[in-house]
Structures are given as structure tokens and as C-alpha cells.
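Thanks, everyone, for making the time this morning. Please have the sequence and the structure open in front of you while I talk, and stop me wherever something is unclear.

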Amino acid sequence: MYTPGMAEPIIVAQDVQKHFGSFQALRGVSMSVQPGEVVVVIGPSGSGKSTFIRTINALDPHDGGSIVVDGIPLDGARNLDAIRREVGMVFQSFNLFPHLTVLENVTLAPTRVRKTGKAEADKRALELLRRVGIEEQAHKYPAQLSGGQQQRVAIARALAMDPKVMLFDEPTSALDPEMIKEVLDVMKELARSGMTMLVVTHEMGFAREVADRILFFDQGNIVEDTTPEAFYNNPQHERAKAFLSKIL
Ligand code: ADP
Ligand code: MG
């Protein structure tokens, strides 16, 4: 977990803007994340949560303001490879390669991008698959696994690149209820291990237990940036109050 006042921020976003045509999806978002911090992002559908975390590993380029990740400025096409090595991403829809086995999904980027040898990549992948509790499925294909298992493979795949930051966009939203816990448990272990995490989720139990901070998005901006206790017990913004009254 994060210890206040110790380090330089690992993510700094300042006045980040993003347009889709004439529509402005991000309206000057500013925030920073300290190493080891777990930040949960919540807010209504369409408020810009996905767009914001996609700008942090440049899946979507921002078109105003600045983003710096671990000292690397994210501008234009420069530094894209460097950023993507630093930042792992896990999506709602798993996005595994269907024609590759679990093990091949996890070793693909290390062998292609980092040029890690196959034996070493396999060894490390098996360690990660053990960490997410799924080592025995290593030689299966994604379609042979449950959704919860596929999402745990996706987490192992992201970790295989040794990222400094992990981004999650509603990682349990596509899962049946009985599978949500197994994925959240892996994420909790990752948080406890000191990983810096930015997590879009509406899982309140996870947020209360694991988050150091909550960011509440509304209409393309952060309208609350506070602790879980303050957010859940005493939200300041009208939209946050309305949102909480619907989901609690
Ligand atoms: P959230 O994740 O909070 O539900 P998004 O970041 O996905 O919201 O979307 C924010 C706004 O930007 C929405 O109004 C959405 O319709 C719009 N938007 C997102 N992606 C695109 C895109 N590729 N093209 C056009 N509009 C988009
Ligand atoms: Mg979204």
C-alpha cells in the first residue's frame, strides 16, 4: 500500500483533453498517482472513465494537456513503445488471442517485444499463472476456460511485461457473479504486493477494502478525488450523491 509523502508521482495528468469530433470526452482532467497507490475510478456511464485510462497508455491519444508516466512524456507518436512497456492494461472483454494457448498468450509479448528466450519466458509465465491460480490450464485455449479464468490469464499476460502501472477497465463487468470474486482476489493480492493500480470498477467492496483514493468522474472531468471513507460516507458533489444513492 501507498505511504504518503515518500516519492515522486508515477502518473501525472494535467489538464488532459480528448475530443471525438466536436464532442469533448475529457474536459481538462488533472490528477496524479504515487507509486504503490491503488486508485479506483467510478462515475456514470459515458463520463469519460474508459477514455481517460486509455489515454494513459496511449490507446487513445489525448489532444490537450499533458500526461507523464514514470518520467516519460506521452506526446504524439513518441515514446509509445516505452509507455506500453511500463503500463499493463486489462479490459472488460479479456481480449485474449483465441488461436494461442494460455501459455502462448502470456509469453507472446515478452518473447516478441522484450526478446526474452522461450525457456525463460515459459518459466516466468508459469510462475505468473500460478500466482493467478491457473497454472494447470496453461496448455488450454481461451475458449476452454471460464470467463473468470480468462480474465486471470489476461492479468498474468499484462504482468508478464513487468509493468510499473496496471490499468483495469471494469475487469469484472462481463463476469458471472460467482466468478467476480476470483478475479477481485487476484487484484487484491496485486494491490498488496505494491503494484500501482488505476481501476475503473463499480465493485464497492473492492474499493472500500483496497483503494487508497477514489476518483469520481462526471461529464468528462474528475469532480471528487478523495479517500474511500470520505467518498462513501460523505460525498460532496451532487452527482456523486445521486450516483451512490443508485448503487448502494
Ligand atoms: P465511460 O467509460 O465513463 O462509460 P467513455 O470514456 O467510454 O465513458 O466515453 C465517454 C464519452 O465519449 C461518451 O459520450 C462516449 O460516447 C464518447 N466516446 C468514447 N469513445 C468514443 C469514440 N471512439 N468515438 C466517439 N465517441 C466516443
Ligand atoms: Mg467505460
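The open sheet I would like to begin with is built from four strands, in the order E2-E1-E4-E5, and the pairing within it is antiparallel. Its edges are E2 and strand E5, the latter covering residues 72-73, and each of these pairs on one side only. I should say at once that this is a predicted model, and everything that follows should be heard with that in mind.

As a general reminder, strands of a sheet pair through backbone hydrogen bonds, either parallel or antiparallel. Here, strand E1, residues 11-20, is joined to E2 by eight bridges, and the two run antiparallel. If you want a place to check the register by eye, take Ile11, which stands opposite Val33 in E2.

Now, what lies across this sheet? Helix H1 does, lying across E1, E2 and strand E4, which spans residues 64-69, and running at about 60° to E2.

That brings me to the ligand, and to the question of which elements supply at least two residues each to the shell around ligand 1. They are strand E2, residues 23-33, and helix H1, residues 49-56, and of the contributors H1 gives the most, with three residues. The residues around ligand 1 include Phe20, Phe23 and Ala25, and also the run that goes from Pro44 through Ser45, Gly46, Ser47, Gly48, Lys49 and Ser50 to Thr51. Sorted by class, the shell has four nonpolar, six polar and one charged residues.

Three polar approaches deserve to be looked at individually. A backbone N or O atom of Gly46 lies 2.7 Å from an oxygen atom of ligand 1, while a polar side-chain atom of Lys49 lies 2.8 Å from an oxygen atom of the ligand. For Thr51, an N or O atom in the side chain is 2.5 Å from an oxygen atom of ligand 1. As for coverage, ligand 1 taken alone exposes 560 Å², and the protein buries 58% of that.

Let me finish with another part of the chain. Strand E9, residues 213-218, and strand E10, residues 221-226, run antiparallel and are joined by five bridges, with Phe216 having Glu224 as its bridge partner in E10. The two strands form a hairpin with two residues between them, and in the turn Gln219 has a positive phi of about 45°.

Definitions and conventions: Residues numbered from 1 in each chain as written. Chains lettered and ligands numbered in written order. Predicted model: local features only at pLDDT ≥ 70, side-chain atom pairs only at ≥ 80, totals over all residues. Heavy atoms only, no water. Near = heavy atom within 4 Å. Polar contact = N/O pair within 3.5 Å; in protein donor to acceptor, adjacent residues only side chain to side chain. Areas by Shrake-Rupley, 256 points an atom, 1.4 Å probe, with all protein chains shown as cover. Nonpolar A, V, L, I, M, F, W, Y, C, P; charged D, E, K, R; others polar. Pairing = 2+ DSSP bridges. Contact = heavy atoms within 4.5 Å. Axes fitted to C-alpha atoms, helices over the stretch in contact; angles between N-to-C directions.
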